[in-house]
Each structure stands twice: as C-alpha cells, then as structure tokens.
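Q: Please take a close look at the central sheet of this protein and at what surrounds it. A connected account for a newcomer would be welcome.

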Amino acid sequence: MKSVRENAKELMKGFCKVCPVCNGKACAGEVPGMGGLGTASSFKNNVKALADIKLNMRTIHDFCEPDTSVNIMGMKLDIPVLAAPIGGVSFNMGGKIEEADYISAKLKACTAKGIIGCTGDGVPEFIYQSGFNAIEEVGGHGIPFIKPWEEAELHMKLEKADRTGAKIIGMDIDAAGLITLRKMGRPVSPKPISKLRDIIESVDADFILKGIMTPDEAKMAIDAGAKGIVVSNHGGRVLDSCPGTAEVLQAISEAVAGQCCIMVDGGVRTGIDVLKMLALGADAVMIGRPFSIATMGGLQEGAEKYIDQLKSEFTQAMVLTGTEKADSVAPTALYF
C-alpha cells in the first residue's frame with residue numbers, strides 16, 4: 001500500500017494530505033476537499049471514539065481460521081465491509097482521475113474481492129451518472145445513494161437508480177446540510193417520516209437510510225420502511241460538534257437490533273476498527289476516505305490491495321480476541 005498512498009498523495013495534492021493517521025486534524029474546515037466541516041470536531045470525534053476502545057485478547061481456543069463472512073440484506077460479504085458512497089473527484093479529490101474511472105475501479109475491486117461498493121450523488125450530473133454506469137458494469141452489484149433532493153430531482157434519480165439493477169438503494173439523509181450542495185444552490189432538505197415512507201414505497205429495491213445518530217431516529221427509519229440504517233454523521237462534513245459514531249452505536253443497536261440491518265461508518269480505518277464496530281452492535285461497516293485514497297492511488301488494484309489489508313487485519317483481530325465468526329462478534333471482545 002505504500003506506493004499506492006504515495007501516488008494518491010501526489011494526485012490529491014491540495015485536497016487530501018494522505019496523512020499517516022487520517023484523523024481530521026490537518027484538513028479541518030477543508031470542505032470541499034476531504035476534511036471535516038468547521039473545526040472538524042465531528043470528524044475527529046469519529047476517529048478518537050474508535051481509538052479509545054480497547055480489545056480483550058483471548059488466545060485459549062481451538063481455531064485459527066475464523067469465518068470472516070457475513071450475510072446482510074440478502075448479500076454475502078467476504079468481510080463485513082462496504083465501500084462508502086464518496087464521489088465528486090473533481091472538487092473533493094483533485095480531479096486528476098476521471099469520475100467514471102474512479103467509481104468504476106472502486107466497484108470492480110469490491111466485486112472482485114467479495115464485498116460491495118456504494119456510489120455517491122451530487123452536482124454536476126456526471127457524478128451520479130458515473131455511479132449508475134459503474135453499477136451496471138458490475139451487473140447491479142452496487143448500492144446507489146441518492147441525496148434528499150426536492151421532489152422532481154429526487155424521483156428522477158430514484159427511477160434511474162432502480163434501472164441499474166441494484167437490489168438495494170440508499171439515501172444519505174444527513175446530506176441535507178452539505179455545504180458543497182448549498183454553494184451550488186441545489187435544494188436538499190430533511191424529510192419527515194411520512195415523506196420518507198412515500199419515497200421508500202416508490203422503489204422496488206430494499207432501502208437503506210444513512211445518517212442516523214440517535215435511537216429514536218433509528219426507530220423512525222424502520223417505521224418508514226427502511227430495511228437498513230447507517231449510523232453516520234456524514235464523515236463530520238455536515239455538522240460540527242457531533243459525537244463519534246462509535247459513541248452512539250451501542251445505544252442505537254440495543255434499540256433496534258433484529259429489526260433492520262445496522263451499519264456504521266466514521267473513522268474506520270483498519271480491520272481492528274471493523275471488529276470494534278461489530279462488537280458495539282453493527283452488522284457491517286462502511287469505509288469512506290481510505291477507499292477513496294486507495295482508489296485514487298491505484299485504481300482497481302489499489303482498492304483491492306486495501307481490501308486485502310483489511311481482511312488480513314480483521315482475521316488477525318478475530319483470532320486474537322477469540323472471535324470465531326464475524327456474524328456473532330460478542331461485546332466481550334471489548335475491554336471496558
């Protein structure tokens with residue numbers, strides 16, 4: 001991964017510093033770009049919350065090849081990881097690689113390695129259209145995320161997402177306050193539960209609602225018809241002073257476990273971080289910035305190398321915490 005990261009650092013110069021530790025400190029306020037909004041406290045809190053969690057080491061057991069796979073929402077994943085929906089190469093990542101090449105490489109890498117990639121939405125049109133095309137290229141093996149636009153644009157994009165062959169469609173409702181869209185004068189807004197119910201019923205695919213940070217909104221998402229939620233503060237890019245997702249995940253999981261698929265993003269960098277999130281109650285995790293860096297630095301090969309690294313780290317963490325199956329990570333893996 002060293003050469004991949006070095007190449008990404010050159011290509012993303014001025015937009016991402018590709019820091020040794022991606023913690024939001026060097027890029028505070030750099031939105032557009034890869035930073036966190038304002039003081040970047042929400043971005044920093046995501047990383048710190050995970051770093052503060054410790055693991056219990058357990059090595060008296062009889063297995064050394066744990067089962068890293070999970071089944072979520074009708075999909076089998078080789079490791080419980082999805083590539084999060086990050087787009088906007090031209091204004092967030094430097095623009096030295098075309099949007100279509102970036103998203104196609106990321107989805108192909110995920111497909112080749114037995115996981116799934118998500119595509120983002122935005123302005124101009126080629127951002128979301130490149131994502132839709134990439135999903136079609138991999139036979140529908142991707143999850144398109146649509147932002148909470150107003151009526152006409154929202155339903156137009158949902159219909160196009162439906163036609164990609166994707167079995168799952170998502171909405172990153174936390175993008176309602178995204179500064180990049182606000183600067184472009186494009187109307188996005190929060191949605192009441194009645195409107196969400198209408199939106200979810202309008203598509204044939206299963207629906208994920210991304211941007212849940214409280215137990216009551218997790219319940220509301222399920223009431224609206226969502227089959228999955230993503231505990232997320234949008235990578236710290238929409239509201240300063242949010243807690244880290246690892247701080248709120250356990251309470252959300254306790255409130256809705258078994259009622260929907262629970263995913264989480266925010267500060268996840270390594271396979272150890274993946275294990276921590278599962279022990280807090282997630283069924284799978286989404287990873288954003290590291291996937292973008294790996295894809296920018298090495299396209300499909302770079303993203304595949306990152307996935308291989310994640311699997312190696314995750315497998316080792318499972319063995320050394322006495323965790324035999326990724327679909328049943330116990331809270332006792334954590335040291336409190």
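A: The account below begins with the sheet and then turns to the helices, the cores, the cysteines and the loops. The model is a predicted one.

The sheet is a closed barrel made of eight strands, in the order β4-β5-β6-β7-β8-β9-β10-β11, and their pairing is parallel. On average, neighbouring strands of this sheet are turned by 30° against each other, if direction is ignored. Strand β4, residues 81-83, and strand β11, residues 284-287, run parallel and are joined by three bridges. Within this pairing, Val81 stands opposite Val285 of β11.

Helices lie against these strands. Helix α10, formed by residues 245-256, packs on the sheet and touches β8 (206-212), β9 (228-231) and β10 (261-264). The direction of α10 makes about 155° with that of β9. Helix α4 lies across β4, β5 (116-119) and β6 (142-146), and runs at about 155° to β5.

One residue of α4 may serve as an example. Ser104 has its place in this helix, which spans residues 99-112. Ser104 counts as buried because its relative accessibility is 10%, under the 20% limit for that class. Apart from neighbours within four places in sequence, Ser104 is in contact with Ala134 and Glu137. Both of these partners fall within the range of helix α5 (125-137).

The nonpolar interior comes next. The largest nonpolar core holds 88 residues, and Leu82, Met263, Met277 and Phe291 are those with the most contacts inside it. Helix α12, residues 289-320, gives the most to this core, contributing nine residues. Met277 can be followed further: neighbours within four places in sequence aside, its contacts include Leu50, Thr245, Ala246, Leu249, Val264 and Asp265. Val285, the residue opposite Val81, is also among the contacts of Met277. Another core lies apart from the largest one; it has 19 residues, including Leu11, Val89, Val138 and Ala166.

The cysteines can be considered together. A search of the whole structure finds zero disulfides. For Cys242 the reason is distance: the closest cysteine sulfur, in Cys27, is 16 Å from its own sulfur, which is too far for a bond, since a disulfide requires sulfur atoms within 2.5 Å. Cys242 is buried, as its relative accessible area is 11%. Cys64, by contrast, counts as exposed because its relative accessibility is 61%.

Several loops show particular backbone features. In the loop between α1 (2-11) and α2 (41-51) lies Pro32, and the peptide bond leading from Val31 to Pro32 is cis, with omega near 0°. The loop between α1 and α2 also contains Val18, which has a positive phi of about 50° although it is not a glycine. Val18 counts as buried because its relative accessibility is 8%.

Two further loops adjoin strands of the barrel. Between β5 and α5 is the loop that holds Pro124, and a cis peptide bond with omega of about 5° joins Val123 and Pro124. The loop between β9 and α10 contains His234. His234 has a phi near 60°, a positive value in a residue other than glycine. The relative accessible area of His234 is 12%, so this residue is buried.

Definitions and conventions. Residues are numbered from 1 along each chain as its sequence is written. This is a predicted model: local features need pLDDT of at least 70, side-chain atom pairs count only at pLDDT 80 or more; totals for chains, interfaces and linings use all residues. Side-chain values use heavy atoms; hydrogens and water are left out. Helices (H or I, at least four residues) and strands (E, at least two) are DSSP runs, numbered from the N terminus. Buried means under 20% relative accessible area, exposed over 50%, partly exposed in between (1.4 Å probe, protein chains only). Contact means heavy atoms within 4.5 Å. Two strands pair if DSSP finds at least two bridges between them. Axes are lines fitted to C-alpha atoms, for helices over the stretch in contact, and angles run from 0 to 180 degrees between N-to-C directions. A nonpolar core is a set of buried Ala, Val, Leu, Ile, Met, Phe, Trp, Tyr and Cys residues joined through side-chain atoms within 4.5 Å.
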